[in-house]
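Biologist: I am new to this structure and would like to go through it slowly. Could you take my questions one by one?

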Amino acid sequence: MKFVVGNYKMQLTSRETSALVRGVLHGLNPVVVLPEIIICPSFTALPDVQKLIKKTPLNLGAQNVAATPLGAYTGEVAAAQLADIGCTYTIIGHSERRAVGGTPPFAKGGETDAQVHAKITEALAAGLTPIICVGESAAERAAGQTDAVITHQITSAITGISFPRKTPCIIAYEPIWAISTNEQPQLATIHDIVEAHSLIRRLLVGLGLAIDDIAVLYGGSVDALNAQEILSNPEVDGVLVGSASLKIHEFSAIIEAAITAMKVISV
Ligand code: PEP
């Protein structure tokens, strides 16, 4: 199985989001085995998208979740509230959140490792599958700290959490330097991706997790042109797509690439 996650970020109104999702649904080929497609719109659009995708193969994910259960936390959205409106996934620890906009009770600045850990706990308690983002900055990469950063992020996120056996979590390796909206993004090579994914799998094994059940995705400037190469690599279980998920033809082409990769791998 391959995964294709669309992270719409804070880019669209609800009406625009619905139009985009209708386009994605229209482009789906009903006669093939599809990848797991997860649409992550803004909180405001979640109910509308849920109505649109009910009884379709698309799945609903949030872009963030509170680090606490329901309570007096103005402006936060709890995992239980997301599950209540039909979310089955939530992104946690995206680099844009780790960099800015921390929320109580842990962070003053960007989202901390402790907060990411708490969010994973909350998501699992509500039955959501966390999509945990990790990845190093350009400066960390230049300083040769890629492995150390990934190791720290995975270990601090996961240690001490008891995961369900079935779809415990998804890890998305998203090197910050490759994210298309960042300054001077660079394309990660397949070698970069495979190295990081292998490290992540080794870390998960070391933490006692059954890695066959954990998908490891890549995110960073994935588009219609590079999706096939990335998705056809057996180390890559799927892609997390930002900018290209906002363009129907790009996102549909990425889904097609995942379908092709699944066919090749199953042959
Ligand atoms: C992201 O920010 O999660 C992302 C992968 O963005 P993009 O695809 O635009 O690089």
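Modeller: The questions below go from the strands to the helices and then to single residues.

Biologist: Before we start, what kind of model is this?

Modeller: Local features are described here where pLDDT is at least 70, and side-chain atom pairs count where it is 80 or more. The reason for such limits is left aside here, but the kind of model should be kept in mind throughout: it is predicted.

Biologist: In what order do the eight strands close into a barrel?

Modeller: The pairing in this barrel is parallel, and neighbouring strands of the sheet are turned against each other by 25 degrees on average, with direction ignored. Eight strands take part, and they close in the order β1-β2-β3-β4-β5-β6-β7-β8.

Biologist: Which residue of β3 is the bridge partner of I37?

Modeller: Strand β2, residues 36-40, pairs with β3 in the parallel sense over three bridges. Between these two strands runs helix α2, residues 46-53, and together the three elements make a right-handed β-α-β unit. In β3, the partner of I37 is L58.

Biologist: Which residue of β4 is the bridge partner of A62?

Modeller: On this side β3 pairs with strand β4, residues 89-92, in the parallel sense over two bridges. One of the partnerships joins G61 to Y89, and the other residue asked about, A62, has as its partner in β4 T90.

Biologist: Through which helix does the chain cross from β3 to β4?

Modeller: This connection is again a β-α-β crossover, and its hand is right-handed. The helix that carries the chain across covers residues 79-84 and is α3.

Biologist: How many residues of β3 are buried?

Modeller: Strand β3 spans residues 58-62. In a regular strand the side chains alternate between the two faces of the sheet. Here L58, L60 and A62 lie on one side, N59 and G61 lie on the other, and both faces are covered. The number of buried residues in β3 is therefore, with buried meaning under 20% relative accessible area, five of five.

Biologist: Which residues of β4 lie on the side opposite Y89 and I91?

Modeller: Both faces of β4 are covered, and the residues on each of them are buried. Y89 and I91 share one side, while the other side holds T90 and I92.

Biologist: Which residue of β5 is the bridge partner of T90?

Modeller: β4 and β5 pair in the parallel sense over four bridges. Helix α5, residues 113-125, packs on the sheet and touches both β4 and β5, with its direction making about 175 degrees with that of β4. In β5, the partner of T90 is P130.

Biologist: At what angle do the axes of α7 and α8 cross?

Modeller: Two packed helices are described by the angle between their axes and the distance between the axes. Helix α7, residues 146-158, and helix α8, residues 190-206, have axes that come within 10 Å, and α7 passes α8 in a right-handed crossing. The angle is roughly 35 degrees.

Biologist: How many residues of the contact of α7 with α8 are nonpolar?

Modeller: From α7 the contact takes D147, I150, T151, I154 and I158, and these meet A196, L199, I200, L203 and L204 in α8. One residue of the contact is polar and one is charged, and the number of nonpolar ones is eight.

Biologist: Is Q184 buried or exposed?

Modeller: Most residues other than glycine have a negative phi. Q184, in the loop between β6 and α8, has a positive phi near 45 degrees. Its relative accessibility is 72%, and because exposed means over 50%, Q184 counts as exposed.

Biologist: What is the relative accessible area of T167?

Modeller: T167 lies in the loop between α7 and β6, and its phi is positive, about 35 degrees, although T167 is not a glycine. T167 counts as partly exposed, with a relative accessible area of 41%.

Key: Residues are numbered from 1 along each chain as its sequence is written. Side-chain values use heavy atoms; hydrogens and water are left out. Buried means under 20% relative accessible area, exposed over 50%, partly exposed in between (1.4 Å probe, protein chains only). Two strands pair if DSSP finds at least two bridges between them. A crossover is right-handed if, with the strands pointing away from the viewer, the path from the first strand over the helix to the second runs clockwise. Axes are lines fitted to C-alpha atoms, for helices over the stretch in contact, and angles run from 0 to 180 degrees between N-to-C directions. A crossing is left-handed if the near helix is turned anticlockwise from the far one by less than a right angle, and right-handed if clockwise. Contact means heavy atoms within 4.5 Å. Ala, Val, Leu, Ile, Met, Phe, Trp, Tyr, Cys and Pro count as nonpolar, Asp, Glu, Lys and Arg as charged, and the others, Gly among them, as polar.
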